[in-house]
Amino acid sequence: TANKEFQALYPGDRPDRQPVHTVYGGAQLFKEGTIAKMGQGALNHFNQYAPNSEVLNNVLGISIKNGLAEKVHRKIIDKLTNEAVEDFRIDFEDGFGNRPDDEEDQTAEFTAKELAKGMASNSISPYIGIRIKPFSEDMKTRGIRTLDIFVSTLAAETGGELPNNFVVTLPKVTIPEQVTALVHLFENLEANTELESG
């Protein structure tokens, strides 16, 4: 019985796609074109340091005889051109640091509007979200406030739409009640915005 109850709550890893990496970028640096700019930078570096398949052969030992190195080289260029960043977190925690409340408020609003622009221009990563401050006693109010400003602004800009695969990362969880509090905040945000329940 206990096993069945557990499986009902956690059936295992999802069968759909999951990102292979997550980039945490300071919120103060995020704009609509940030992800594309990162991809272009990665592509530029790859083209500079691995301009052909022979480099892959020399560095990684991928054979050029059977065409494998050329195939891998093309796939890397394609990946960097179309989707260099699979998952991006707009970071209001370690990547942002502790700043005056007015500055974090303004950054939360600005980045939400930039994310809405990115959604409209289809220039964001397939997975995206924010990392807020932890719900420790000294940081909980700031984390809640940033989440509220960001999600409320995003919902207002998009008519209640969130990006596909949107994630809110709660860092440094120390007790289960912090996660429960986050769930209650989500419910309040859904009730007070155009966001759908769930």
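A polar contact here is a pair of N or O atoms within 3.5 Å, where one must be able to donate a hydrogen and the other to accept it. Keep that cut-off in mind, and keep in mind too that this is a predicted model.

Let's put the definition to work in helix H6, which covers residues 140-158 and holds Thr153. The backbone oxygen of Ile149 sits 2.6 Å from a polar atom in the side chain of Thr153, and 2.6 Å is inside the 3.5 Å limit, so the pair qualifies. Is Thr153 buried or exposed? Its relative accessible area is 14%, and buried means under 20%, so Thr153 is buried. Leaving out residues up to four places away in sequence, Thr153 touches Glu109, Ala112, Lys113 and Asp148.

Thr158 also belongs to H6. With a relative accessibility of 19%, Thr158 still counts as buried. Setting aside residues up to four places away in sequence, what does Thr158 touch? The answer is Ala116 and Met119.

Now for the strands. Strand E1 (residues 23-26) is joined to E2 by 4 bridges, and the two run parallel. Tyr24 has Arg89 in E2 as its bridge partner. On to the next pairing: E2 and E3 run parallel as well, joined by 5 bridges, with Asp87 standing opposite Tyr127 in E3. Then strand E3 (residues 127-131) pairs with strand E4 (residues 166-169) in the parallel sense, over 4 bridges. In that pairing Ile128 stands opposite Phe166 in E4.

How are these strands linked through helices? E2, H5 and E3 form a right-handed β-α-β unit. E3, H6 and E4 form a right-handed β-α-β unit too.

E2 deserves a second look. How many of its 5 residues are buried? The count is 5 of 5, so to speak of E2 as mostly covered is fair. In a regular strand the side chains alternate between the two faces of the sheet. In E2, Asp87, Arg89 and Asp91 are on one side and Phe88 and Ile90 on the other, and all of them are buried, leaving both faces covered.

That brings us to the nonpolar packing. The largest nonpolar core has 30 residues, and the ones with the most contacts inside it are Phe88, Ile90, Phe92, Ile130, Ile132, Leu147 and Phe150. Which elements give two or more residues to this core? They are strand E2 (87-91), helix H5 (101-121), E3, H6, E4 and helix H7 (176-192). H6 gives the most, with 6 residues. Ile130 shows what the packing looks like from one residue: leaving aside neighbours within four places in sequence, Ile130 is in contact with Arg89, Ile90, Phe92, Leu147, Phe150, Phe166, Val167, Val168 and Thr169. Apart from the largest core lies another, of 6 residues, among them Leu43, Phe46, Ala50 and Leu80.

Next, helix H3, residues 53-60, where Ser53, Val55 and Leu56 are buried. Viewed down the axis of H3, the buried residues fall within an arc of 150°, which means they line one face of the helix. An α-helix has 3.6 residues a turn, so residues three or four places apart point the same way. What do the buried residues of H3 pack against? Their partners are helix H2 (34-49) and helix H4 (68-83). At the start of H3, a side-chain oxygen of Asn52 reaches to within 3.1 Å of the backbone nitrogen of Glu54. After H3 comes Gly61, with a positive phi near 75°.

Finally, some loops. Pro126 lies in the one between H5 and E3 and is partly exposed, at a relative accessible area of 23%. Leaving aside neighbours within four places in sequence, Pro126 is in contact with Arg17, Glu83, Val85, Glu86, Asn164 and Asn165. Pro126 and Glu5 are 121 residues apart in sequence, and their C-alpha atoms are 32 Å apart in space.

Asn165, one of the contacts of Pro126, is in the loop between H6 and E4. Asn165 counts as partly exposed, at 36% relative accessibility, and has a positive phi, near 55°, in a residue other than glycine. Lys172, in the loop between E4 and H7, also has a positive phi, of about 50°, although Lys172 is not a glycine.

Methods:
Residues numbered from 1 in each chain as written. Predicted model: local features only at pLDDT ≥ 70, side-chain atom pairs only at ≥ 80, totals over all residues. Heavy atoms only, no water. Buried < 20%, exposed > 50% of the residue type's maximum accessible area, 1.4 Å probe, protein only. Arc of directions from axis to C-beta. Contact = heavy atoms within 4.5 Å. Pairing = 2+ DSSP bridges. Right-handed = clockwise from strand over helix to strand, strands pointing away. Core = buried A, V, L, I, M, F, W, Y, C linked by side-chain atoms within 4.5 Å.
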